[in-house]
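Work through the exercises below with the structure open beside you. Each task is followed by a solution in steps.

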Amino acid sequence: MKVLIVDDTNTDRLLLKMYLSKLGYEVLEADNGQSGIDLFMSHVDELDLILMDVNMPGLNGFDTVKRIRDIQRQHQQEWLPIIFLSASARDDDIEEGILAGGDDYLTKPISQKILAVKMLAMRRIADMRRRLVDTNLVLERLAFVDYLTGVASRRAFDDALDKQMALTQKTAVPFVCGVFDLDNFKRINDTFGHDAGDAVLVSIVDRVKAQLTEEDVIGRLGGEEFGLILTGVDQNDAFQALDTLRKKIMTGLIQYGMEEIKMTASVGGTVFVKGSQLDKVALVKQADRALYEAKNTGRNKVVCC
Ligand SMILES: Nc1nc2c(ncn2[C@@H]2O[C@H](COP(=O)(O)OP(=O)(O)OP(=O)(O)O)[C@@H](O)[C@H]2O)c(=O)[nH]1
């Protein structure tokens with residue numbers, strides 16, 4: 001557990017450091033509010049707690065903490081516990097400290113015993129906070145990555161589309177918004193089982209991914225329908241680019257255990273160019289319309305509009 005002490009009084013700071021080091025904590029020190037903010041910013045990912053003196057020349061403890069909380073809000077950082085240290089702990093001081101963004105108040109001179117138990121309580125908060133950060137990372141991954149195929153989720157694909165549309169409006173580099181849907185996929189599940197269906201989805205995604213550039217995006221829009229962003233492709237090349245992917249999908253059998261499965265896909269696409277008035281929803285709808293035309297006019301084909 002790493003603790004930042006901000007205190008202008010050398011003896012107080014050194015004493016605190018000695019206590020905390022004895023208890024096994026790593027300590028960073030600042031002797032004024034601004035240095036405290038600087039150290040907070042450069043060590044934000046490692047810090048578990050800040051101990052902040054209230055009475056300091058220049059930026060006092062309350063104002064320092066207000067600035068730290070502002071920075072945390074701006075950068076959407078997780079909560080970091082802060083304890084104020086002061087010789088005066090009147091009700092009004094405590095109120096002001098908590099309103100400034102502090103979590104607790106310790107009176108100077110600090111009792112080693114009280115410090116030890118407060119640190120224990122803060123360690124519990126720090127552990128909880130770390131678990132929260134880890135859980136948020138997992139949730140974020142679940143929200144942005146499709147669990148089966150590992151490609152962008154629908155939400156992440158939508159975000160990528162937003163970014164790509166903005167980039168095209170800025171740079172005039174066009175892109176193709178494509179949608180493909182596997183043909184008669186239900187039959188795969190019905191004939192070989194759901195696991196086989198899953199394996200086919202993974203295998204098809206691998207085939208498509210192998211053809212994409214670093215800037216291109218594939219996302220799972222739902223079931224056996226996928227979205228594509230093919231960057232730098234204009235109206236003249238859109239059909240060809242999508243048809244190459246269609247051919248890759250249908251070429252060769254997919255091995256599942258003893259079974260060999262053939263798969264085809266229908267593909268719809270539309271080109272987004274600088275100046276286009278289409279919003280994201282309308283763009284995907286247009287590609288979807290082309291996809292349904294491909295489905296309704298025989299499947300295993302590309303339709304561009
Ligand atoms: N194995 C597996 N099947 C899925 C998954 N998501 C959706 N499906 C199945 O995909 C099938 C889609 O069936 P339909 O919508 O009738 O489409 P289709 O059979 O591909 O027919 P067309 O699209 O008209 O060519 C359904 O049986 C869904 O249960 C998945 O993650 N894994």
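Two residues count as being in contact if their C-beta atoms, placed from the backbone, lie within 7 Å. The model used here is a predicted one.

**Exercise 1.** List the residues that Cys177 touches, leaving out those up to four places away in sequence, and place Cys177 in the nonpolar core.

Solution. Step 1: apply the contact rule to Cys177; its partners are Leu161, Ile229, Gly269, Thr270, Phe272, Leu283, Val284 and Ala287. Step 2: turn to the largest nonpolar core, which has 42 residues. Cys177 is among the four that touch the most other members, together with Val176, Leu242 and Val267. Step 3: look for the element that gives the most to this core; that is strand 6, with six residues. Step 4: note a second, separate core of 24 residues, which includes Ala30, Leu51, Val54 and Met122.

**Exercise 2.** Determine the strand order of the five-stranded sheet and find which strands stand at its edges.

Solution. Step 1: the sheet is open, its order is 7-8-6-11-12, and its pairing is mixed. Step 2: strand 7 (217-222) and strand 12 (302-304) each have a single partner strand, so one side of each has no neighbour in the sheet. Step 3: from one strand to the next, the twist averages 20°. Step 4: take one pair in detail. Strand 6 (residues 175-182) and strand 8 (residues 225-231) are antiparallel and share seven bridges; Val176 faces Leu230 of strand 8. Step 5: add the helix. Helix 6 (residues 154-171) lies across strands 6, 7, 8 and 11, and it runs at about 135° to strand 7.

**Exercise 3.** Is Thr244 buried, partly exposed or exposed?

Solution. Step 1: locate Thr244 in helix 9 (residues 235-250). Step 2: recall the limits: 20 or more other C-beta atoms within 10 Å means buried, and 12 or fewer means exposed. Step 3: Thr244 has 14 such atoms within 10 Å, so Thr244 is partly exposed. Step 4: for a distance check, the C-alpha atoms of Thr244 and Ile229 are separated by 14 Å, with the two positions 15 residues apart along the chain counted as their spacing.

**Exercise 4.** Which residues come nearest to the ligand, and which element gives the most to the shell around the ligand?

Solution. Step 1: of the 15 residues around the ligand, the nearest are Asp183, Phe185, Lys186, Gly197 and Gly223. Step 2: strand 6, helix 7 (185-192) and helix 8 (194-209) each give two or more residues to the shell. Step 3: helix 8 gives the most, with four residues.

Conventions:
Residues numbered from 1 in each chain as written. Predicted model: local features only at pLDDT ≥ 70, side-chain atom pairs only at ≥ 80, totals over all residues. Pairing = 2+ DSSP bridges. Axes fitted to C-alpha atoms, helices over the stretch in contact; angles between N-to-C directions. Core = buried A, V, L, I, M, F, W, Y, C linked by C-beta atoms within 7 Å. Near = placed C-beta within 6 Å.
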